[in-house]
Amino acid sequence: MAVLLSVRDLTVSFGTRAVVDLARLDLAEGEILGLAGESGAGKSLTGLTVLGLSEYAGARVTGSVVLAGEELVGARRRRLQQLRGSTMALIPQSPAGAFNPVLTVGTTMLRALRLHGDSRGRARQRAAEAMAKVRLETAHLRRYPHQLSGGQLQRVAIALALALGARLLVADEPTSALDVTVQAEICALLGALRDSEGVAVLFISHDLAVLGALCDRIAVMRAGRLVEQGPAPELLTAPRADYTRELLAAALRLGSGEEEADGA
Ligand SMILES: Nc1ncnc2c1ncn2[C@@H]1O[C@H](COP(=O)(O)OP(=O)(O)OP(=O)(O)O)[C@@H](O)[C@H]1O
């Protein structure tokens, strides 16, 4: 499969402190790559940097991030704005904050599509098509964000990205605010969209069980650096790095602790 995203020698720094230092990370078209690691490992900043957003947080970025053949590090803000939506999109942890509360989600979607150059008719058609892809009725477009559940709103956020034509979704803990059943539904949806639409997903999570169920490959980060990466089943069953083994052991302990709590 063709490479969609190629990261090389990427550093992200605040002052003199480099919090991300990634030698090499690739993502193919139609691939789901999980980014794992404990809190503070630099996962979110890596995602934000791919989206061209970390400079807004005051970070300095060096190295190379090539998306669909185009260098993003040092690209003009206006160009990055165009690419966010048309080629790449953020699927946030809490989509409620990403939607304007006083507009119906349909109005938000139509405005975004019109901003990216669609006619009114084309925008309506695309919005309806995208809602079908995320398996939501178009009637939901007439609702306000607070009238939708967290899972439905997350689907609308994904629909908006698809309607705009995004090829890469950067999903930063997109299911951690949802209950377990809805979490599984959103993961299944992302897997289905990879298969049917060929979208690629950079899926950021500290939850190895979620990553194992969804991802084609997993990359493990620690203190800003890549510890190891590989196909998900191999990495989870035969990790090479001690740190990955520690993360897996911690996840297992957490899992068994939850079972005890459930059984109590
Ligand atoms: N705006 C900022 N200014 C200074 N340091 C920051 C800023 N944003 C993040 N950092 C630091 O960068 C490091 C990486 O943060 P990041 O949010 O990417 O970690 P993470 O792996 O996503 O963690 P979590 O799972 O808790 O979200 C942390 O040490 C954090 O304190």
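Student: How many helices and strands does the secondary structure of the protein chain come to?

Tutor: The model examined here is a predicted one. Its protein chain combines both kinds of element, and the secondary structure comes to 9 helices and 10 strands.

Student: Why is the protein chain described as being as compact as a globular protein of that length?

Tutor: The globule rule gives 18 Å for 264 residues. The C-alpha trace spans about 55 × 50 × 35 Å along its principal axes. The chain is as compact as a globular protein of that length because its radius of gyration is close to the value from the rule, namely 19 Å.

Student: What percentage of the residues of the protein chain count as buried?

Tutor: A residue is buried if 20 or more other C-beta atoms lie within 10 Å of its own. Applied to the 264 residues of the protein chain, this criterion gives a buried share of 40%.

Student: In what order do the 6 strands of the open sheet with mixed pairing stand?

Tutor: Strand 6 (88-91) and strand 10 (225-231) each have a single partner strand, so one side of each is left without a neighbour in the sheet. From one strand to the next, the twist averages 15°. With those two strands at the edges, the order is 6-7-8-3-9-10.

Student: In which sense, parallel or antiparallel, do strand 3 and strand 8 pair?

Tutor: Strand 3 covers residues 32-36 and strand 8 covers residues 200-204, with 4 bridges between them. Leu33 stands opposite Leu202 in strand 8. The sense of this pairing is parallel.

Student: Which strands stand at the edges of the sheet with the order 2-1-4-5?

Tutor: This is an open sheet of 4 strands, and its pairing is antiparallel. An edge strand here has a single partner strand, so one side is left without a neighbour in the sheet. The strands that fit this description are strand 2 (17-28) and strand 5 (70-71).

Student: Which residue is the bridge partner of Leu67 in strand 5?

Tutor: Strand 4 (residues 60-67) pairs with strand 5 in the antiparallel sense over 2 bridges. The partner of Leu67 in strand 5 is Glu70.

Student: At about what angle does helix 1 run to strand 2?

Tutor: Helix 1 lies across strand 1 (3-14), strand 2 and strand 4. Its angle to strand 2 is about 65°.

Student: Which helix gives the largest share of the shell around the ligand?

Tutor: The ligand is surrounded by 13 residues, and the closest are Val19, Ser39, Lys43, Ser44 and Leu45. By class, the shell has 5 nonpolar, 7 polar and 1 charged residues. The largest share, 3 residues, comes from the helix spanning residues 43-50, which is helix 1.

Student: Which helices are included in what covers the buried residues of helix 3?

Tutor: In helix 3 (residues 105-115), the buried residues are Val105, Gly106, Thr108, Met109, Leu110 and Leu113. After helix 3 comes Gly117, whose phi is positive, near 105°. The cover over the buried residues of helix 3 includes helix 4 and helix 5.

Student: Is Ser149 buried or exposed?

Tutor: Ser149 is placed in the loop between helix 4 (120-133) and helix 5 (150-164). A residue counts as exposed if 12 or fewer other C-beta atoms lie within 10 Å of its own. Because Ser149 has 11 such atoms within 10 Å, Ser149 is exposed.

Student: What distance separates the C-alpha atoms of Ser149 and Asp207?

Tutor: Along the chain, Ser149 and Asp207 are 58 residues apart. In space, their C-alpha atoms are separated by 22 Å.

Note on methods:
Residues numbered from 1 in each chain as written. Predicted model: local features only at pLDDT ≥ 70, side-chain atom pairs only at ≥ 80, totals over all residues. Near = placed C-beta within 6 Å. Nonpolar A, V, L, I, M, F, W, Y, C, P; charged D, E, K, R; others polar. Pairing = 2+ DSSP bridges. Axes fitted to C-alpha atoms, helices over the stretch in contact; angles between N-to-C directions. Rg over C-alpha atoms; globule rule 2.2 N^0.38 Å. Contact = placed C-beta atoms within 7 Å.
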